[in-house]
Amino acid sequence: MRILVTGATGTLGRALVPALVKAGHQVRALSRTKRESRGNVEWMWGDLFSGHGVPEAVAGVEAIAHLATSGRKGRGAVDIPGTRLLVMAAREAGIGHLLLTSMVGADRAPIGYLRYKLEAERLVEESGLGWTVLRATPFHQWLQQRLRDFSALPVLPVDPTVPWQPVHTGEVAARAADLLAGGPQGIEIEYGGPEVLDTAELTRTWLDAQHLRRACLRMRYPGRLYAAMRADLLTTDATPKGKITWQDYLAPPPPVLSDDFASEHTASPTSPATQPEQDPDRHVYGGDEGYERPTRG
Ligand SMILES: NC(=O)c1ccc[n+]([C@@H]2O[C@H](COP(=O)([O-])OP(=O)(O)OC[C@H]3O[C@@H](n4cnc5c(N)ncnc54)[C@H](OP(=O)(O)O)[C@@H]3O)[C@@H](O)[C@H]2O)c1
């Protein structure tokens, strides 16, 4: 199948592109940075905010995995207008399946960024296209980056009443690849990590893995989002769930590689596409053809 991946250079996109290639798909990858196409990955320049390059990107694909998001800055920019624009282009091109990635809790606690994700879900669900929404819990890499940012402080504020359910992007990518292969489901599917840890456990495990010593100050995080987390609105019991724990991610066991490289990547947490990595900025999933390490601004 030929599949367009938006957000292909992002944290999840860097795992999904090689997972789809290994599953035998032709991948068209969208980015606002020009990249050279290689092997089964065709890079296309496009911007979901301005709409430039979007009709070309959707032309001739059977399915779209819509991962693009604009994160902290100008959050609504891609998640709402960009999704609207993509939906219009996909309708025009007669795309059979649009899979949107979202966040667990978007429906239960539409606060801040989650509000944008819920609105993007609505746009996809009311698009008239075949659709699937895959809601994931926070990625290991994202949490690690937040802890790195915080570690500049001499004392780390931790709220033991706030739970997290970190998940590995390789496993989310494998789930997304399975859903794309299975066709539109017309439902929201939740996917979470194997364990729920409070902020104090999460921080302590990370500090130990980094061989860092920091004092931790217990406090109650303010705000509606943390209140929603405290009420367990951003975690999920849905199965299947990921197998790779936070500890596995931070201190991975030696990889066990199977000869059956292609079939294993979607099935097993020990497969190349699901390997925990120490440093996501340095790591290139499986060294796959067509994937180039994104440059960070
Ligand atoms: N991070 C998490 O912990 C987490 C947890 C659960 C669900 N999710 C969901 O998973 C998905 C992927 O998240 P992520 O963390 O992998 O994202 P990310 O690392 O922040 O990457 C964002 C991606 O969006 C693309 N993008 C941004 N603006 C764009 C624009 N105007 N036009 C086209 N592309 C644009 C970027 O591509 P270029 O810069 O190359 O153009 C980049 O590839 C999102 O739907 C997110 O809501 C994330």
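This report describes the fold, two helices, the ligand shell and some unusual backbone positions of a predicted model.

**Overall composition**

The protein chain contains ten helices and eleven strands. Of its 297 residues, 43% count as buried. Among contacts between residues at least 6 apart in sequence, 77% join residues at least 24 apart.

**The open sheet**

Seven of the strands form an open sheet with parallel pairing, and their order is β3-β2-β1-β4-β5-β6-β9. The edges are taken by β3 (residues 41-45) and β9 (residues 188-191); each has a single partner strand, so one side of each is left without a neighbour in the sheet. On average, and with direction ignored, neighbouring strands of this sheet are turned by 20° against each other.

Within the sheet, β4 (residues 63-66) and β5 (residues 97-103) pair in the parallel sense over four bridges. In this part of the model, Ala 65 stands opposite Leu 99 of β5.

**The shell around the ligand**

Strand β5 also takes part in the surroundings of the ligand: it gives three residues, the largest share of the shell. At least two residues of the shell are supplied by each of β2 (residues 26-31), α3 (residues 76-93) and β5. There are 30 residues around the ligand, and those that come nearest are Gly 10, Thr 11, Ser 31, Arg 32 and Trp 142.

**Helix α6**

Helix α6 comprises 14 residues, 169-182, and reaches 20 Å from its first C-alpha to its last, close to the 20 Å expected at 1.5 Å a residue. The helix is mostly covered, since eleven of its 14 residues are buried. The buried positions include an unbroken run from Thr 169 to Ala 177, in which Glu 171 and Arg 175 are found, and they also include Leu 179 and Leu 180. After α6 comes Gly 183, with a positive phi near 85°.

**Helix α7**

Helix α7 holds twelve residues, 199-210. At 1.5 Å a residue these should span 16 Å, and the end C-alpha atoms are 16 Å apart, which agrees. Buried residues in α7 are Thr 199, Leu 202, Thr 203 and Trp 206. They cover an arc of only 95° around the axis, which puts them on the same side of α7. The spacing can be understood from helix geometry: an α-helix has 3.6 residues a turn, so residues three or four places apart point the same way.

The buried residues of α7 are covered by several elements, including the helices α5 (residues 140-150) and α9 (residues 246-250). Strands also contribute to this cover, among them β7 (residues 155-158), β8 (residues 163-164), β10 (residues 197-198) and β11 (residues 215-218).

**Arg 218 in strand β11**

Arg 218 has its place in β11. With 11 C-beta neighbours inside 10 Å, where 12 or fewer is the limit, Arg 218 counts as exposed. Leaving aside neighbours within four places in sequence, Arg 218 is in contact with Val 158 and Pro 160. The C-alpha atoms of Arg 218 and Leu 156 are separated by 8.4 Å, although these residues are 62 residues apart along the chain.

**Unusual backbone positions**

Most residues other than glycine have a negative phi, and most peptide bonds are trans. Against that background, the following positions deserve mention.

| Position | Backbone angle |
|---|---|
| His 211 | positive phi of about 55° |
| Asp 232 | positive phi near 65° |
| Thr 239 and Pro 240 | cis peptide bond, omega about 0° |

His 211 comes just after α7 and belongs to the loop between α7 and β11. With 6 other C-beta atoms within 10 Å, His 211 is exposed.

The loop between α8 (residues 224-230) and α9 contains Pro 240, and Asp 232 lies in the loop between α8 and α9 as well. Asp 232 has 14 other C-beta atoms within 10 Å and is therefore partly exposed. Pro 240 is joined to Thr 239 by the cis peptide bond listed above.

Technical notes. Residues are numbered from 1 along each chain as its sequence is written. This is a predicted model: local features need pLDDT of at least 70, side-chain atom pairs count only at pLDDT 80 or more; totals for chains, interfaces and linings use all residues. The expected span of a helix is 1.5 Å times one less than its number of residues. A residue is buried if 20 or more other C-beta atoms lie within 10 Å of its own, exposed if 12 or fewer, and partly exposed in between; C-beta atoms are placed from the backbone. The arc is that of the directions from the helix axis to the C-beta atoms. Two residues are in contact if their C-beta atoms, placed from the backbone, lie within 7 Å. Two strands pair if DSSP finds at least two bridges between them. Axes are lines fitted to C-alpha atoms, for helices over the stretch in contact, and angles run from 0 to 180 degrees between N-to-C directions. A residue is near a molecule or strand if its C-beta atom, placed from the backbone, lies within 6 Å of it.
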